[in-house]
Amino acid sequence: MYLIFRCDCGRALYAKEGVATRKCVCGKTLKVKSRRIFQKVETREDASLAVQEMQDKIYKNTGFMKASDL
Ligand SMILES: [Zn+2]
């Protein structure tokens with residue numbers, strides 16, 4: 001199981017269930033348990049896809065950041 005959540009910087013991230021912390025590309029280390037979980041998915045592929053979709057939704061209209069910046 002993988003958990004999908006967001007960093008304070010707005011990026012979507014995923015972490016394998018049971019992992020305590022996840023470091024965002026912005027440099028912030030997040031405690032997974034303290035984050036609001038948006039989705040739970042079974043596989044790493046699904047997690048990667050879910051993050052991609054969230055990034056698309058977040059940045060689609062602003063052009064602020066491309067998904068390739070993940
Ligand atoms: Zn971040």
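A residue is taken as buried if 20 or more other C-beta atoms lie within 10 Å of its own. By this criterion, 4 of the 5 residues of strand β1 (residues 2-6) are buried, so β1 is largely enclosed by the rest of the structure. The structure described here is a predicted model, in which the protein chain has a mean pLDDT of 88 and 86% of its residues reach 70 or more. Among the elements of the protein chain, confidence is lowest in helix α1 (residues 44-59), where the mean is 90, and highest in strand β4 (residues 29-31), where the value is 97. Where pLDDT is low, the predicted coordinates should not be read in detail.

The protein chain contains 1 helix and 5 strands, and from the N terminus on these elements follow the order β-β-β-β-β-α. Of the 70 residues of the protein chain, 17% count as buried. When contacts between residues at least 6 apart in sequence are considered, 40% of them join residues that are at least 24 apart.

Three of the strands form an open sheet, with the order β2-β1-β5 and antiparallel pairing. The edge strands of this sheet are β2 and β5, each of which pairs on one side only. On average, and with direction ignored, neighbouring strands of the sheet are turned by 25° against each other. Strands of a sheet pair through backbone hydrogen bonds, in either the parallel or the antiparallel sense.

The pairing of β1 with strand β2 (residues 12-16) is antiparallel and extends over 5 bridges. Within this pair, I4 stands opposite Y14 in β2, while L3 stands opposite A15 in β2. The two strands belong to a hairpin with 5 residues between them, and in this hairpin G10 takes a positive phi near 105°. The pairing of β1 with strand β5 (residues 37-41) is likewise in the antiparallel sense, over 4 bridges, and here F5 stands opposite I37 in β5.

Helix α1 lies across β1, β2 and β5, and runs at about 165° to β2. The largest nonpolar core has 10 residues, namely Y2, L3, I4, F5, A12, L13, Y14, A47, V51 and M54. To this core β1, β2 and α1 each supply at least two residues, and the largest share, 4 residues, comes from β1. For one of the core residues, M54, the contacts can be named: leaving aside neighbours within four places in sequence, M54 is in contact with I4, A12 and F38.

Two glutamates illustrate the exposed positions of the model. The first to be considered, E45, is found in helix α1, and with 10 C-beta neighbours inside 10 Å it counts as exposed, since a residue is classed as exposed if 12 or fewer such atoms lie within that distance. Although E45 and Y2 are 43 residues apart along the chain, their C-alpha atoms are separated by 9.7 Å.

The other glutamate, E17, is found in the loop between β2 and β3 (21-23). E17 also counts as exposed, because 10 C-beta neighbours lie inside 10 Å. Leaving aside neighbours within four places in sequence, E17 is in contact with M1, Y2 and L3, of which Y2 and L3 are listed among the residues of the largest nonpolar core. The C-alpha atoms of E17 and V41, which are 24 residues apart along the chain, are separated by 9.8 Å.

Methods. Residues numbered from 1 in each chain as written. Predicted model: local features only at pLDDT ≥ 70, side-chain atom pairs only at ≥ 80, totals over all residues. pLDDT = per-residue confidence, 0-100. Pairing = 2+ DSSP bridges. Contact = placed C-beta atoms within 7 Å. Core = buried A, V, L, I, M, F, W, Y, C linked by C-beta atoms within 7 Å. Axes fitted to C-alpha atoms, helices over the stretch in contact; angles between N-to-C directions.
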